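Work through these exercises with the structure open. Try each task before reading its solution.

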Amino acid sequence: MKAWTVPDPIDHPRLTDKEVPAGKPVVQLKASALNHRDVWITKGLYPGIIAGATMGADGAGIYGDREVIIFPSVEWGGSQKAQHDNFRVLGVPDDGTFADFIAIDEAYIFDKPAHLSMVEAAALPLAGLTAYRALFSRGGASAGEKVLITGVGGGVALFAMQFAIHVGCEVYLTSSSEEKVQKAIALGAKGGYLYNDKDWARHLVQDVGGVDIIVDGACGSGFNDLTKAASPGGRIVFYGATRGNIADFNARAVFWKQLSILGSTMGSPDDFRKMLHFISQHEIVPHIDRIFRFGDLPLALAYMDAGHQFGKIVLDHG
């Protein structure tokens, strides 16, 4: 089979011939999707990189007579509170989805939502799972609440926006691009702010009086703006730190406003099952920015690294 693997020394992935996996159930992959971790792997900036491993966490395909989707949380463990010490994301160090086939335990194989194509389904697993756990399992979002999603344009943020809208929340967002703000508003968001405007949080509070839940993947120097944007008693859930650790953390704002700060990573099998049910119930379709051919993974990675996408980047295995 053909597979995109990590070379040694670490650089752009290499399309190689590998044996079809044996010893576990085998899924024939029809589509896969990129995540930012794939870019970081090619730059040597991700832990646990193993040369020769097949990349990719997201995938959909055929297993027997079933159309299926792959659960990307490897060895989550038995607790709903947090992952086990052995937890990792599918695709480096384990062989992932940028291949013709994947061998994986049957516990990681779920039926694909019937209303989604293979390409649409492949866009769902990692980002959809992360968004669902952050918004609902950790954040406890419910109808009527005001929700702020930061960095809209990326997959997790867009899924969180879609989920919050469908459950009846009033959704606001931040982005570095006015074009992305307007696209999000066209999809149902109530308003948006440019996070490179140093006064965006003050403007949000003036406009809507603050928000009940914030879902963030950046942290870094902008985190204190989130404490300004949060209403008293609000919850801030963060699932990543693309802008680094929090500098000059404003502890007073947290205790005085009685805010809850919650961490979230990926999700459990139960989260994944509930997310797939939610997707099917509301017939939610992932936003796909661009589809590349399977053989064009290096072009897809360069496109993601440029940061212009609004939605998921998908590989059609053809």
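**Exercise 1.** Find the volume of the second largest pocket in this predicted model, then describe its lining.

*Solution.*
1. The volume of the second largest pocket is about 320 Å³.
2. This pocket is lined by 20 residues, and Lys 24, Asp 94, Asp 95, Ala 103 and Ile 104 are the closest to its centre.
3. Now sort the lining by type: ten residues are nonpolar, two are polar and eight are charged.
4. Strand β8 (residues 101–103) gives the largest share of the lining, with three residues.

**Exercise 2.** Check whether the span of helix α4 agrees with its number of residues.

*Solution.*
1. Helix α4 covers residues 155–166, which makes twelve residues.
2. The expected span is 1.5 Å times one less than the number of residues.
3. For α4 that gives 16 Å.
4. The end C-alpha atoms are 17 Å apart, so the two values agree.
5. Look just past the helix: Gly 168 follows α4 and has a positive phi, near 100°.

**Exercise 3.** Is α4 mostly covered or mostly open? Locate Phe 163 within the nonpolar core.

*Solution.*
1. Buried means under 20% relative accessible area.
2. Ten of the twelve residues of α4 are buried, so the helix is mostly covered.
3. Among them are Gly 155, Leu 158, Gln 162 and Phe 163.
4. The largest nonpolar core has 67 residues, and Phe 163 is one of the three that touch the most other members, with Ile 149 and Met 275.
5. Leaving out residues up to four places away in sequence, Phe 163 touches residues including Gly 128, Tyr 132, Phe 136, Met 275 and Ile 284.

Methods: Residues numbered from 1 in each chain as written. Predicted model: local features only at pLDDT ≥ 70, side-chain atom pairs only at ≥ 80, totals over all residues. Heavy atoms only, no water. Core = buried A, V, L, I, M, F, W, Y, C linked by side-chain atoms within 4.5 Å. Buried < 20%, exposed > 50% of the residue type's maximum accessible area, 1.4 Å probe, protein only. Contact = heavy atoms within 4.5 Å. Helix = DSSP H or I, 4+ residues; strand = E, 2+ residues; numbered from the N terminus. 1 Å grid on protein atoms, 1.4 Å probe; cavity = no way out; pocket = protein on both sides within 12 Å on 5 of 7 lines; lining within 4 Å. Points joined across faces, edges and corners; volume = space filled by probe spheres on them. Nonpolar A, V, L, I, M, F, W, Y, C, P; charged D, E, K, R; others polar.
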